[in-house]
Amino acid sequence: MEASRFPKFNIGEVKTPSFIIDERALEKNLKILNDVKQKTGAKILLALKAYSAFSTFPLIKKYLDGVCASSPHEAKLGCKEFGKEVVVAAPAYKEEDIQELVEYSTCIVFNSFNQWRRYKKIALEHGIECGIRINPEYSEAPVELYNPCSAYSRLGVTIKNFEEEHLNGIKGLHFHALCEQSAGALERVLEAAERKFGKYFSKMKWVNFGGGHHITKEGYDTNLLCNLIQSFKKRHGIDVYLEPGEAVALNAGFLVASVVDIINNGMDIAILDTSAETHMPDVLGMPYTPEVVGAKIASSCTEKDKKIFKYDYRLGGLTCLAGDIIGDYMFPEKLSIGSKIIFTNMAIYSMVKTTTFNGVNLPSICVQRLNGKMEIIREFGYEDFKRRL
Ligand SMILES: *Cc1c(COP(=O)(O)O)cnc(C)c1O
């Protein structure tokens, strides 16, 4: 595991389960994104869908230009807690949602010309910059669940349905077709988008390249990204927006849990005070196996590794769901009741997706500030469970 992904905090003090956000790791990502901004003049927004822990917004807004929201709640959070640009993009807006969105957002992206015609008046009256989401009908998204360009996709207007005659008042076009992908994948999506919609780009003020750019991942080709943005801007003479979620808080958060019991049914199984189902649902949904600090995922453990990582455990959750399994891991030492387990990369798409299924309590939220101080931001209890029902 990369050294940077080892948390430098004293987990002895942390109650479990807890999410811990490491602001130094967050800032490391922000500096990479800022570099892209400086080199290209592109604007970069935080996609709240992936990460909305607003106690860290004061740090993030030093570097990024605003947020991308998909609902009135996200837009309100962005407006009140972030306070820069609030770009909204969702598959459809209800009448009452639009009333709220025009109060909290600076830009609204419509997913159909139907919706644009319906809300054009109110949006323009409020000085909202309006855009249309287009579907380039090309994506290399690795999983169908995350492919906005698959057959019958409801996301974005295809060239066939594009109403050129209704562009009056539209300031930008938006596409989102990537998922944890490289600059090379962007290059090919961009080619498809330009082939189909290129003649409209120069009539716009901006084009938004969406999210899914894995910019802060090791090995990402930021030079290629910058070249693509620069040459695009030169070709069309317009601004470029990016709205990554994952890349902003990649590897900046941990979920710390404790071993509650250890049983054996053909293998050792440690039951934790957390759960895949309630605290890290993408582990089951994506699905994937998260990394654990100081341990190895069993399936990727070599014979050599096994000389050090001798003890294998299945890590399971607290809910009654039979499949509430986080994964099989090899540890260098035996686990015991009370042992702490630290899952990495848990700030994104985990904190925003937690549930209280089975009445399992939500993890506390802690932030380790840039100065090294650990702050407990929020703890949850019975009322948080009850209030939703
Ligand atoms: C999900 C989403 C994002 C953020 O995607 P990441 O993969 O987290 O970077 C940005 N824009 C739109 C429209 C999205 O749906």
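# Cis bonds, positive phi and burial

User: Pro-17 lies in the segment before strand 1 (18-22). Which residue does a cis peptide bond join to Pro-17, and what is omega?

Analyst: The model is predicted. Most peptide bonds are trans. The bond into Pro-17 is cis. Its partner is Thr-16, and omega is about -5 degrees.

User: In the loop between helix 10 (282-285) and strand 12 (296-297) is Pro-287. What is omega for the cis peptide bond from Met-286 to Pro-287?

Analyst: Pro-287 belongs to the loop that links helix 10 to strand 12. The peptide bond reaching it from Met-286 is cis. For this bond, omega is near -15 degrees.

User: Which residue in the loop between strand 6 and strand 7 (170-174) is partly exposed, with a relative accessible area of 40%?

Analyst: Most residues other than glycine have a negative phi. The residue in this loop has a positive phi of about 55 degrees although it is not a glycine. Its relative accessible area of 40% counts as partly exposed. The residue is Glu-137.

User: What is phi of Tyr-349, in the loop between strand 15 and strand 16?

Analyst: Tyr-349 is placed in the loop between strand 15 and strand 16. Its phi is positive, though the residue is other than glycine. The value is near 55 degrees.

User: Phe-357 lies in the loop between strand 15 (340-344) and strand 16 (364-368). Which residues make the nonpolar surface patch with Phe-357?

Analyst: A patch takes residues with over 30% relative accessible area. Phe-357 is partly exposed at 37%, so Phe-357 passes that cut-off. The patch covers about 220 Å², and Phe-357 shares it with Leu-284 and Leu-321.

User: Arg-133 is found in strand 6 (residues 129-133). Which side chain of opposite charge is nearest to Arg-133, and how many Å away is it?

Analyst: Arg-133 is buried yet has no salt bridge. Leaving aside neighbours within four places in sequence, its contacts include Phe-110, Asn-111, Leu-155, His-174 and His-176. A salt bridge needs the charged atoms within 4 Å. The nearest side chain of opposite charge is Glu-243, at 6.8 Å.

User: Helix 4 spans residues 95-104. Within what arc do its buried residues fall, seen down the axis?

Analyst: The buried residues of helix 4 are Asp-97, Ile-98, Leu-101, Val-102 and Tyr-104. They line one face of the helix, because seen down the axis they fall within an arc of 165 degrees.

User: What covers those buried residues of helix 4?

Analyst: The cover includes both helices and strands. Among the strands are strand 4 (85-89) and strand 5 (107-110). Among the helices are helix 3 (72-82) and helix 5 (113-125).

Notes: Residues numbered from 1 in each chain as written. Predicted model: local features only at pLDDT ≥ 70, side-chain atom pairs only at ≥ 80, totals over all residues. Heavy atoms only, no water. Patch = residues over 30% accessible without salt bridge, like charges linked within 9 Å, V, L, I, M, F, W, Y side chains within 5 Å. Areas by Shrake-Rupley, 256 points an atom, 1.4 Å probe, with all protein chains shown as cover. Helix = DSSP H or I, 4+ residues; strand = E, 2+ residues; numbered from the N terminus. Buried < 20%, exposed > 50% of the residue type's maximum accessible area, 1.4 Å probe, protein only. Lys, Arg positive; Asp, Glu negative; His and termini not counted. Contact = heavy atoms within 4.5 Å. Arc of directions from axis to C-beta.
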